[in-house]
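Biologist: Could you walk me through this fold? I'll ask, you answer.

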Amino acid sequence: MKKRKIPMRKCVVTGKQYPKQELVRIVRTPDQEVAIDPTGKMNGRGAYIVMEPDVVRISQKKHILDRHLKVQISDDFYQELYEYVDHQKARKEIMP
């Protein structure tokens, strides 16, 4: 049986390559709005970060997503992203 290729993506915060399933995609839509893209298929400019709450905090502190997506991101969005990543990480630990 042929082995399937695992798609790899680069985290914009850590700079390391990870399997796409371990990352969350943040997208800037054509309307200049920023959203979490759980499907990975939303239209717009995307950036990937690893699903670690500490990485989200680093991104907020250094404004990494702001620079990568070329848009001002609010603290409310970072809080929403932190909660999403924390929830997804907890789900993975419970159900591997």
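Modeller: Here are some questions and answers on the sheet and one of the helices.

Modeller: First, this is a predicted model: local features need pLDDT of at least 70, side-chain atom pairs count only at pLDDT 80 or more, and totals for chains, interfaces and linings use all residues. Residues are numbered from 1 along each chain as its sequence is written, and side-chain values use heavy atoms, with hydrogens and water left out.

Biologist: Which strands stand at the edges of the sheet?
Modeller: Strands here are DSSP runs of E, at least two residues, and helices are runs of H or I, at least four, numbered from the N terminus. Two strands pair if DSSP finds at least two bridges between them, and the open sheet is antiparallel with the order β4-β3-β5. Each edge strand has a single partner, so one side of it is left without a neighbour in the sheet; these are β4 (34–37) and β5 (45–50).

Biologist: Which residue is the bridge partner of Ile26 in β4?
Modeller: Strand β3 covers residues 23–28 and is joined to antiparallel β4 by four bridges. Ile26's partner in β4 is Ile36.

Biologist: What arc do the buried residues of α1 cover?
Modeller: Buried means under 20% relative accessible area and exposed over 50%, with partly exposed in between (1.4 Å probe, protein chains only). In α1 (residues 53–62), Pro53, Val55, Val56, Ser59 and Gln60 are buried. They lie on the same side of α1 because their arc, taken from the directions from the helix axis to the C-beta atoms, is only 160 degrees.

Biologist: Which residues are exposed on the other side of α1?
Modeller: The buried residues pack against β5, α2 (64–69) and α3, where contact means heavy atoms within 4.5 Å. Exposed on the other side are Asp54, Lys61 and Lys62.
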